[in-house]
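Reader: I'd love a close look at one part of this protein, taken slowly. Could you pick a single strand and walk me through its surroundings?

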Amino acid sequence: MREMIFRGIRKDNGKRVEGYYLCLHHQQPDDTELHIIVDEHGGYNPVDPETVGEFTGLTDKNGRKIFEGDIIEIVGEDARSFVRYDSVETEFYMTFDDAYFGLGRDSMSREIEIIGNIHDNIDLLERE
């Protein structure tokens, strides 16, 4: 069974944290805060909900964990994309030139390398 962990950017200092996802609701139904639990003792850090991404269960060619929102490059190719989740196919995927590739199904993780993420390095996806 794969690890169910998430990553997000903290609201207070802009640093990335990994851990278990927790959504806390306050008195008003529309007043929701998202948190990432960072340790087994229950400590948590408020994160920007737009930056939360799930661990895919795979690592890249360098052994780095691949999360939703990571920008990846196929080794030896001029192909870059970012990792998304497809709720219909229930898998993580990327698109290259409008072609759909299931992460782990159509490409092996040893063939890809994380080069950034969409929150910090969106410019890596722009073509010259």
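Author: Happy to; here is a walk around strand β7 and its neighbours.

Please keep in mind that this is a predicted model. As a backdrop, the protein chain has zero helices and 12 strands, so defined as DSSP runs counted from the N terminus. Buried residues account for 34% of its 128 residues. Its accessible surface is about 8,100 Å², and carbon and sulfur atoms hold 45% of that. If you look at contacts between residues at least 6 apart in sequence, 46% of them join residues at least 24 apart.

Now to β7 itself, which spans residues 70-74. Four of its five residues are buried, so this strand is largely enclosed by the rest of the structure. Buried here stands for a relative accessible area under 20%.

What does β7 pair with? One partner is β12, which runs antiparallel to β7 over five bridges. Within that pairing, I72 sits opposite I114 of β12. Another partner is β8, residues 80-82, again in the antiparallel sense, this time over three bridges. Here E73 has R80 in β8 as its bridge partner. The two strands β7 and β8 make a hairpin, with five residues between them. In that turn, G76 has a positive phi of about 80 degrees.

The side chains tell the next part of the story. The largest nonpolar core has 11 residues: I66, I72, I74, A79, V83, F92, M94, F96, L103, I112 and I114. Strands β7, β10 (91-96) and β12 (112-117) each supply at least two residues of this core. The largest share comes from β10, with three residues. So that you can place the two facing residues from before, I72 and I114 are both on the core list, and they also stand opposite each other across β7 and β12.

I74 is a good residue to zoom in on. Setting aside neighbours within four places in sequence, I74 is in contact with A79, F96, E111 and I112. Among these, A79, F96 and I112 belong to the largest nonpolar core, as does I74.

For one last stop, go to strand β5, residues 53-59, where you will find T56. T56 is buried, with a relative accessible area of 8%. A polar atom of the T56 side chain lies 3.1 Å from the backbone nitrogen of L58.

Notes:
Residues are numbered from 1 along each chain as its sequence is written. This is a predicted model: local features need pLDDT of at least 70, side-chain atom pairs count only at pLDDT 80 or more; totals for chains, interfaces and linings use all residues. Side-chain values use heavy atoms; hydrogens and water are left out. A nonpolar core is a set of buried Ala, Val, Leu, Ile, Met, Phe, Trp, Tyr and Cys residues joined through side-chain atoms within 4.5 Å. Buried means under 20% relative accessible area, exposed over 50%, partly exposed in between (1.4 Å probe, protein chains only). Contact means heavy atoms within 4.5 Å. Accessible areas come from the Shrake-Rupley method with a 1.4 Å probe; for residues, only the protein chains shown count as cover. Two strands pair if DSSP finds at least two bridges between them. A polar contact is a pair of N or O atoms within 3.5 Å; within protein, one must be able to donate a hydrogen and the other to accept it, and residues adjacent in sequence count only if both atoms are side-chain atoms.
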